[in-house]
Amino acid sequence: MNAPLFQIKNFGVCYGQVSALQDADLVMAPGSVVTVIGPNGAGKSTLLNGLMGLLPSTGEVIFDGQSLAGMGTEERVMAGISLVPERRELFADMPVIDNLLLGSFRRHRLREKTPTDQLDWVYDLFPRLKERSSQLAGTLSGGERQMLAVGRALMGKPRLLMLDEPSLGLAPRIVQEMLDVIGGLRVHGVSTLLVEQNARAALALADHGYVLENGRIVLQGPAGELANNPRIAQSYMGMTTSDAVAAADATN
Amino acid sequence: MNSFELGALLVQDGVTTGAIYALLGVALVLVFSVTRIIFFGQGEFVTFGALTLAWLQAGQMPGTVWLLLAMALIAGALEAWAALREGQPRRLARIALYYLMAPGALSALMVWAAPRGLPLVLQCLLSVAIVTPLGPLLYRLIYRPMANASVLVLLITSVGVHFVLAGIGLWLFGVEGYRTPALWEGDLMLGNWAINGQGVMVLGAAVGLIVLLALVFGYTLSGKALRAAASNATGAKLLGISVAFSGQMSFAIAAFIGALCGILIAPIVTIYYDSGLLIGLKGFVAAIFGGMASYGFTLLGAVTIGIVEAFSSFLASAYKESIVFLLVIPVLWWLSRRGGASEEH
Amino acid sequence: MTQKSVSPAAPVGASSVPGAGSRRLAAGALVLLAAALPLAPVPDLFITQANYVGLYALVVLGLVLLTGIAGLTSFGQAAFVGIGAYATAYCTLTFGWSPWITLFVGLGATGVSAWLIGTITMRMSGHYLPLATIAWSIALYYLFGSVEALGKYDGLSDLPSIGLLGWDLGGSRAMYALIWLSVGLSAWGALNLLDSRPGRAIRALHGGVQMAEAMGVDTARLKVTVFVIAALLASVSGWLFAHLQRAVNPTPFGLEASLKYVIMLVAGGMSQVGGAVLGSSVMTLLQDQLQVLLPRVFGSAGNFEVIVFGLVLVLLLRFAPGGMWPAVGRWLPTRRIAVVPEAKALARRTPVPAGEVLLQVRGVQKRFGGLLAVDGVDLNVKAGEIVGLIGPNGAGKSTTFNLITGVLPPSGGEVQLRGQRIDGQAARDISRLGLARTFQHVKLIADMSVLENVALGAYQRARVGVVAAVLRRDRRIEASMLQEAQRALHRVGLAELMHRPAGSLALGQQRLVEIARALCCDPALLLLDEPAAGLRAFEKQALAVLLSELRDEGMGILLVEHDMEFVMKLTDHIVVMVFGRKIAEGSPQVIQTHPAVLEAYLGAAP
């Protein structure tokens, strides 16, 4: 078996007295798409923020053979991990093209060559961004903002791309477009860790899935198997197992 | 002199000082928008620049060199210790370069140049060159460990920094005031209209610097990175634009601007070790006009202050300062109504 | 933790705290020592020092209230000292008035200018406020130095000394008595103020205005009030200063003096009344020693002590933001509140008949620029019912919550509370009509006791003014309010924690304290914002039990929540929002199997 690209063991995040995430174990093979699903408040964003160094964490994190423990956010970015956060965090008063160019700052620091080829690639993925390249990021629509956030993260040529609820606030049609693009990234050598509330769409796209509930991973497996598991509905809707089975029957 | 000529003279005067306030205002807004620090010590960069030049003019070695070396050594030691502790000894070479060799070379240059009576322009360059690194060193030593503090704590810390720098200024330069010779003696004649030469220099430098900053921010990746850090701190972090980078770079620019202002006004106004406070504060008033955010309004405010100051100096000289500072209140009131109070703390 | 048994309201006195007796003795000894000092044959220098320490302490005391406790920074207190000093100087010299009269002239002038400046600047939050204080402080300094009648930069001299009943208080020992008496009285008044209804409201200002407004506090007015109080204290200091020195000039009233007061504040302990005296003493002594020592070190004259002051300030802020008080304070007695068992109960609202519609939300909308965050939502809450408002992330639940509670005005639609329109009203007016709320991120005052935090909820049910509080004439109403708070704490089962500082409680307990505080508002309708967030299983259980009981007693409850299990088990009726619209409502059983809801949460099948 190939060495995993990314692995975490006993990973936990605490803020103040609240233990938001505990004992998380997760493995990602290179070139794969892994999704973490779960109801709201389960700790999904906390997981990504902890992995990115935005929140203090405990436990082991090994990326490409290197331990990330003690590294700050910027260093993790330099190591090749990129996060598209829930709130996108775009530079609203700067144009689309500047937002994208800034995405390659990491490579600038690593003294790699100019990013025009990378920019062309991102424009191919998201043609709408090319049309709006001189428009201020703050004036884009919700879907376009999300595209810009993903495009900006890709400009840094990350090995691992982490996405926090990319479908949030987007119309269903655009969600599908977005997820198609994300699914196609593995061909370009980018592995993806996708955190989503929209369980069905995420499982349709991913290779492997983990279900988070109240800060713990309660279920994991190949995405196809998880998709049919009534335990997921139970988790999301706060039901007992028999209710969940009945609900699953009703919708099938 | 008829009233038109008098008015023109006062406006000229006002625009000259306004240009200085504008530069300082720009520096303050830059530092604040990137680091959330209301940098109370900006005026000290001005006095250090001016007094360093005065010392060079007198053929003496300015104490600024010692300050630079001391700060560089301490900062370098801290960086080296951190590199060792994190198990990254490869960084030591870079650290030695930035914190030992560069300041060392600059200081050596200064030692060599001081008694030699070099041309004024070169001495100006040297003064600016030696004061500029004080900015990022100050950030590294004092503010970087406090990067997550609230705006208020950072402001009170800046007050402390101002006191320390002013005191050091007293120690290095003494209580005397100094004036340096003008870079451009005499006047520029536009028809019948005489424009003061130094004033032209000041205005030219101010315009030039603002254009340069606009180019850096608009066209270089590092400049854009700084704007990004000001626009969204989290977003910048996620792209690898570290807080340390943006802090040090903005402080470097602020120190550069301050030193430049120092050498520009040194021929116009007698500078003492404690002149920085008042000059810096007027830069503040300009920055407040801009809501600590807009460069355009900062420029406008600065020119307004300069002109108001020139006219009140002429008409009611005793109340000049009061009028300038009282102007701030209605501006702040208007800004707070427009901006609205925030729960941020 | 879920005990509901009522433990007897034993007055917890300081005597039950170990070592309390010896602490009281220590405090008493300190006061006696301070009082006896001028009578002892100590050198005049000591007395002079002590006089200046006292003068500074008065100003810093104002800063403790304004900056340390209310969280409003002022870099301009020295200007108010100047107004007090110049007022008395001018009036005694020009009109020959007695200093006792000019004291009030000074207080009047300072009060009016503080009120004016305060009204303009107190709306400014964050960093605008300190900048404004710097601006007017400098402006006033230059005014003092420019006005002919005030002697310009030379100032005025040959002021008379203060006379009292025929005695001349000109000597420094006599002034010592007057100064330290003033300090003592002011400190006593400040401690009284903090231990009262307005005091709790002032403390609540520190973390932002939202919580205070929800409790019914008029925060804008309160801020100005505290500002004026601080200015008046500075004015008294100015009056004493003028008649101690018998001369005034602008120098001690400039920006540098104001900044030094802030350093004394931070050094002593920003939010402690005792810190004012501690900070002033230490910094004054330090300054004196440095003025002797440093010129020797630096080899020349000049005020180098500013370097040390600056360093002290920077180091304190970095390493010891609590100042020196924590090291000293442990030797002094701590305040304890003894709950008076029999106090007159506060007036209660007439109970609402079960089933009456308390809250009616009709077609409410909220637009942010081009985005319609809430698009025509209807919901009802009846007395004796728990309604849950749920929906996936970004559905607009929190916005709807804010529209109901008065934090945001709706762009359309209406909200009625017991038949009265409340949409667009201020939060404090809404709370007066019977709506109380809790917060998603718990907003308690961490270093205040749990009991006092809960008592804040009763703010609108009694009236106690600042003057009454300072003079300690509010004890009966205070007892009633505390009794009410104690009752609320019993109700939520946390009575035994009432004297602990609120910040020391676990999150689950803090949420219960917030509910107790809300109960203290005597509401008909309770609005809870994600009350289960961050709670452990047994804490959620306790919360659910409490809320069910409140419902059974006739309260109407609306909660916004993400925790589905909690919501499904607890609520009677659920409203589901997606993309700003209501997509379903009904009982938990209906909602759990509702196809549109399942699709909203789990996503559409691809």
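This presentation walks through selected features of a predicted model, chain by chain, and ends with its cavities.

Let me begin with confidence, since the coordinates come from a predictor. Chain B averages a pLDDT of 87, and 97% of the residues score at least 70. There is a weak stretch, however: over residues 340-345 of chain B the pLDDT is below 50, although this stretch still has 14 contacts in the model beyond near neighbours in sequence. Where pLDDT is low, the predicted coordinates should not be read in detail. I would ask you to keep that caution in mind for those contacts.

I turn now to chain A, and to strand S7, which covers residues 160-164. How many of the residues of S7(A) are buried? The count is five of five, and the strand is mostly covered. Leu160(A), Met162(A) and Asp164(A) point one way from the strand, while Leu161(A) and Leu163(A) point the other way. Residues on both sides, Asp164(A) included, are buried.

Strand S7(A) has two pairings to describe. With strand S6, residues 81-84 of chain A, the pairing is parallel and runs over four bridges; there, Leu83(A) has Met162(A) as its bridge partner. With strand S8, residues 191-196 of chain A, the pairing is again parallel, over five bridges, and Leu160(A) stands opposite Ser191(A).

Also in chain A, consider Gly43(A), which sits in the loop between strand S3 (33-37) and helix H1 (44-51). Is Gly43(A) buried or exposed? Its relative accessible area is 7%, under the 20% cut-off, and therefore Gly43(A) counts as buried. Leaving aside residues up to four places away in sequence, Gly43(A) touches Ala20(A), Leu21(A) and Leu212(A). By contrast, its C-alpha atom is separated by 35 Å from that of Ser133(A), which is 90 residues away along the chain.

Next, chain C, starting with its helices. Helix H7, residues 197-204, is largely enclosed by the rest of the structure, because eight of its eight residues are buried. Among them are three arginines that may catch your eye: Arg197(C), Arg200(C) and Arg203(C).

In helix H9 of chain C, residues 219-245, we find Ser235(C). This serine is buried, with a relative accessible area of 1%. Its contacts, not counting residues up to four places away in sequence, are Phe80(C), Gly84(C), Gly106(C), Leu107(C) and Thr110(C).

Helix H16 of chain C, residues 450-455, holds Leu451(C). Leu451(C) is buried, with a relative accessible area of 0%. Between Leu451(C) and Ala214(C) there are 18 Å from C-alpha to C-alpha, and the two are 237 residues apart in sequence.

Chain C also offers a hairpin. Strands S5 (residues 357-368) and S6 (residues 371-382) pair in the antiparallel sense over nine bridges. Phe368(C) has Leu371(C) as its bridge partner. Two residues lie between the strands, and Gly369(C) in this hairpin takes a positive phi near 60 degrees.

Finally, the cavities. The structure holds eight cavities of 30 Å³ or more, and the largest has a volume of about 70 Å³. Which residues line the largest cavity? From chain A come Val77(A), Gly80(A), Ile81(A), Ser82(A), Gly103(A), Arg106(A), Ala153(A), Gly156(A) and Pro158(A), and from chain B come Leu238(B) and Leu239(B). By class, this lining has six nonpolar, four polar and one charged residues.

Note on methods
Residues numbered from 1 in each chain as written. Chains lettered and ligands numbered in written order. Predicted model: local features only at pLDDT ≥ 70, side-chain atom pairs only at ≥ 80, totals over all residues. Heavy atoms only, no water. 1 Å grid on protein atoms, 1.4 Å probe; cavity = no way out; pocket = protein on both sides within 12 Å on 5 of 7 lines; lining within 4 Å. Points joined across faces, edges and corners; volume = space filled by probe spheres on them. Nonpolar A, V, L, I, M, F, W, Y, C, P; charged D, E, K, R; others polar. pLDDT = per-residue confidence, 0-100. Contact = heavy atoms within 4.5 Å. Buried < 20%, exposed > 50% of the residue type's maximum accessible area, 1.4 Å probe, protein only. Pairing = 2+ DSSP bridges.
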